[in-house]
Amino acid sequence: MNTALKVTAFATGLAAAFTAAYGVGHAVGPAPAPAAQQHPAAHGAHATPTAHATPAAPAAPAAPAAPAAHGAHGEEPGAAHGDHQVGGLQVADRGYALRLDRTVVPAGGPTELSFQVLAPDGSPLTAYRPAHEKELHLIVASRDLTDFQHLHPVRAADGTWTAPANLPAAGDYRVFADFTPAAETDPLTLGADLHAAGDYRPAALPQTGRTVTVDGYTLTLTGDLTPGSPGRLAFTVSRDGRPVTDLDPYLAAYGHLVVLRAGDLGYLHVHPDGEPGDGTTAPGPEVDFTATAPSPGDYRLFLDFQHRGTVHTAAFTLTAAEAHQH
């Protein structure tokens with residue numbers, strides 16, 4: 001993936017439910033590490049430590065509404081607002097568990113993340129159903145949602161996954177593993193807390209507006225997140241004032257979208273509208289998704305897109321407002 005997308009203008013939404021959205025798009029001083037976590041609290045080639053988006057004045061994050069329990073690829077029915085659940089709030093679900101080898105790592109430099117997914121019998125899981133060209137998608141987001149990384153871990157024969165990472169600042173992070181076991185048909189999103197040792201200075205939730213710039217690209221967002229109702233999110237990509245109409249396919253799509261709810265880092269996995277080669281989806285300048293917010297509140301949207309061989313990540317902050325009753 002691209003280099004870390006640093007946004008003091010771009011993840012506490014993967015902790016009461018991974019109800020942030022992940023998807024692909026349609027183009028038109030260190031402390032000793034504690035023992036593995038036993039209670040609830042992303043691919044090695046491309047790390048996406050946050051890029052630089054143009055922010056407005058920061059504002060304190062809004063408290064989320066009551067979260068649901070689980071969610072991963074796509075939108076699943078559940079007990080949350082509008083019958084939509086979120087994922088990533090649990091370290092274990094349906095008999096599967098996420099076990100980090102270390103829960104404390106140094107901040108401000110390269111490190112390696114190592115983990116296993118444990119099967120219901122307690123053994124490391126080694127058989128997965130690939131989704132979007134990967135067996136498992138690994139996301140790391142800071143609790144203040146200013147840093148986001150979409151990593152590409154590599155799995156060893158014994159079921160241990162490893163991925164290089166760089167946590168730019170001390171503080172608390174959430175690790176999300178998004179996968180489908182070979183023995184299952186429904187995906188899982190498990191989450192675990194990760195701590196970067198050092199002097200922690202939390203930042204306010206970045207306020208971005210509808211247009212951000214990253215790596216020389218300008219992206220404009222239209223559409224809204226509506227609690228309990230599906231809505232269209234369209235991202236238009238331009239560079240030097242010209243529409244980008246030759247986006248590269250990336251993980252079987254023209255864009256991947258992860259949405260995290262501020263306050264608990266609930267994870268929403270959002271699927272794109274269309275895919276490369278379907279005869280109707282153009283490679284830009286627009287990349288479309290359909291997403292449903294599980295509750296009112298603030299959300300961080302992280303869009304990965306690839307152009308001319310390089311992956312970029314754009315971050316937006318969007319508020320899902322409660323619909324007015326008439």
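This is a guided tour of a predicted model, arranged as a series of selections to make in the viewer.

**The whole chain**

Begin with the protein chain displayed as a cartoon. Its secondary structure comes to 22 strands and zero helices. The chain has 326 residues, of which 56% count as buried. If a surface is drawn over the protein chain, the accessible area comes to about 12,200 Å², and carbon and sulfur atoms account for 54% of that area.

**The four-stranded sheet**

Next, select strands E19, E18, E21 and E22. These four strands form an open sheet in the order E19-E18-E21-E22, and the pairing is antiparallel. At the edges stand E19 and strand E22 (310–320); each has a single partner strand, so one side of each is left without a neighbour in the sheet. From one strand to the next, the twist averages 20°.

Keep strand E21 (residues 297–307) and E22 in view and hide the rest of the sheet. The two strands pair in the antiparallel sense over 11 bridges. They form a hairpin with two residues between them. In that turn, select arginine 308, which has a positive phi of about 55°. Two facing positions can then be labelled along the hairpin: glutamine 306 stands opposite valine 311 in E22, and aspartate 304 stands opposite threonine 313 in E22.

Is E22 largely enclosed or exposed? Restore the full chain to examine this. Nine of the 11 residues of E22 are buried, so the strand is largely enclosed by the rest of the structure. Burial here means a relative accessible area under 20%.

**Strand E20 and the loop before it**

Select valine 287, which lies in strand E20. Valine 287 has a relative accessible area of 0%, and it is therefore buried. For a distance label, pick the C-alpha atoms of valine 287 and leucine 303: they are separated by 9.6 Å, and the two residues are 16 apart along the chain.

Now move to glycine 274, in the loop between strand E19 (267–270) and strand E20 (286–292). With a relative accessible area of 28%, glycine 274 is partly exposed. A second distance label can join its C-alpha atom to that of alanine 253; the separation is 7.8 Å, although the two positions lie 21 residues apart in chain numbering.

**The five-stranded sheet**

Turn to strands E3, E4, E6, E10 and E9. They make up an open sheet of five strands in the order E3-E4-E6-E10-E9, with antiparallel pairing. The edges are strand E3 (92–93) and strand E9 (154–155), each with a single partner strand, so one side of each is left without a neighbour in the sheet. Within this sheet, isolate strand E4 (residues 96–100) and E6, which run antiparallel and are joined by four bridges. Leucine 98 stands opposite valine 117 in E6.

**The largest cavity**

The last stop concerns empty space. Rolling a probe the size of a water molecule over the atoms shows where empty space is left. Which residues line the largest cavity? Select Leu100, Arg102, Glu112, Leu113, Ser114, Phe115, Val175 and Leu194. The cavity they line has a volume of about 50 Å³. Strand E6 (residues 110–118) contributes the largest share of the lining, four residues. Colouring the lining by residue class gives five nonpolar, one polar and two charged residues.

Definitions and conventions: Residues numbered from 1 in each chain as written. Predicted model: local features only at pLDDT ≥ 70, side-chain atom pairs only at ≥ 80, totals over all residues. Heavy atoms only, no water. Buried < 20%, exposed > 50% of the residue type's maximum accessible area, 1.4 Å probe, protein only. 1 Å grid on protein atoms, 1.4 Å probe; cavity = no way out; pocket = protein on both sides within 12 Å on 5 of 7 lines; lining within 4 Å. Points joined across faces, edges and corners; volume = space filled by probe spheres on them. Nonpolar A, V, L, I, M, F, W, Y, C, P; charged D, E, K, R; others polar. Pairing = 2+ DSSP bridges. Axes fitted to C-alpha atoms, helices over the stretch in contact; angles between N-to-C directions. Areas by Shrake-Rupley, 256 points an atom, 1.4 Å probe, with all protein chains shown as cover.
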